[in-house]
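Colleague: Could you take a close look at one part of this model for me, and then show me how that part sits in the rest of the chain? I'd love a connected walk-through rather than a list.

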Amino acid sequence: FKMNASEKSNAIFSFDSDQFGVGEVVAAWSPDFNYLAACGESRVVKYIDRQGNNKMEMPLKNTGKVIALEWDKDGDSVAILQKNYTIVVWNPGTKSVTEIDMPS
């Protein structure tokens, strides 16, 4: 995906700071490449299909910056690692959310 028009690439779709906030965006494709999980400074994780349609959003309760996203092997859930040692596991299909606080 492409974040803004100044980057030179073959964009599948693009977003701007209105969707993610200003700054770095962390993203990960599902194993089948049908969905993208992405989160920026707004701390709202977006579940986007490969046509660029925002299918679902999940605002994070915790204020820690998102530093990594990773899908499980089946593409059902995405783990969201936040800088303040919090891991959120989100299943967009069931809308279940599990929050794990790790020791710092």
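Modeller: Let's start at the side chain of N91, where a polar atom lies 3.0 Å from the backbone nitrogen of T94. Please keep in mind that this is a predicted model, and that the distances come from its coordinates. The side chain of N91 has another polar partner as well: a polar contact of 3.5 Å links it to the side chain of S77. If you set aside the neighbours within four places in sequence, the residues in contact with N91 are D76, S77 and S96.

Is this asparagine buried or exposed? N91 has a relative accessibility of 14%, and the cut-off for buried is under 20%, so N91 counts as buried.

Now for the strand around it. N91 belongs to strand 7, which covers residues 86–91 and pairs with strand 8 in the antiparallel sense over 6 bridges. Across from N91, in strand 8, stands S96, and S96 is also among the contacts of N91 just mentioned.

Stepping back, strands 7 and 8 belong to an open sheet of 4 strands, ordered 5-6-7-8 and paired antiparallel. Its edges are strand 5 (66–71) and strand 8 (96–101), each of which pairs on one side only. From one strand to the next, the twist in this sheet averages 15°.

There is another open sheet to look at, also made of 4 strands, with the order 1-2-3-4 and antiparallel pairing. Strand 1 (26–29) and strand 4 (54–59) each have a single partner strand, so one side of each is left without a neighbour in the sheet. The twist here averages 15° from one strand to the next. Within this sheet, strand 1 runs antiparallel to strand 2 (residues 35–39), and 4 bridges join them. One pair to find on your screen is W29 with its bridge partner L36 in strand 2.

If you trace the whole chain, you will count 1 helix and 8 strands. In sequence order the pattern is α-β-β-β-β-β-β-β-β, with the helix ahead of the strands.

What about the nonpolar interior? The largest nonpolar core has 15 residues, and L60, L69 and I80 touch the most other members. At least two residues of this core come from each of strand 1, strand 2, strand 3 (44–49), strand 5, strand 6 (78–82) and strand 7. Strand 5 gives the most, with 3 residues. So that you can follow one of these residues by eye, try L60: beyond its neighbours within four places in sequence, L60 is in contact with C39, R43, V45, V66, I80, Q82 and V88. A second core, separate from this one, has 6 residues, including F20, V25, A38 and I48.

A few totals round off the picture. The protein chain has 104 residues, of which 36% count as buried, and N91 is one of the buried residues. Among contacts with a separation of 6 or more, 26% are between residues 24 or more positions apart. The chain exposes about 6,300 Å², with carbon and sulfur atoms supplying 48% of that area.

To return to your close-up, then: N91 sits in strand 7, opposite S96 in strand 8, with its side chain in polar contact with that of S77 and with a polar atom 3.0 Å from the backbone nitrogen of T94.

Key. Residues numbered from 1 in each chain as written. Predicted model: local features only at pLDDT ≥ 70, side-chain atom pairs only at ≥ 80, totals over all residues. Heavy atoms only, no water. Pairing = 2+ DSSP bridges. Axes fitted to C-alpha atoms, helices over the stretch in contact; angles between N-to-C directions. Buried < 20%, exposed > 50% of the residue type's maximum accessible area, 1.4 Å probe, protein only. Contact = heavy atoms within 4.5 Å. Areas by Shrake-Rupley, 256 points an atom, 1.4 Å probe, with all protein chains shown as cover. Polar contact = N/O pair within 3.5 Å; in protein donor to acceptor, adjacent residues only side chain to side chain. Core = buried A, V, L, I, M, F, W, Y, C linked by side-chain atoms within 4.5 Å.
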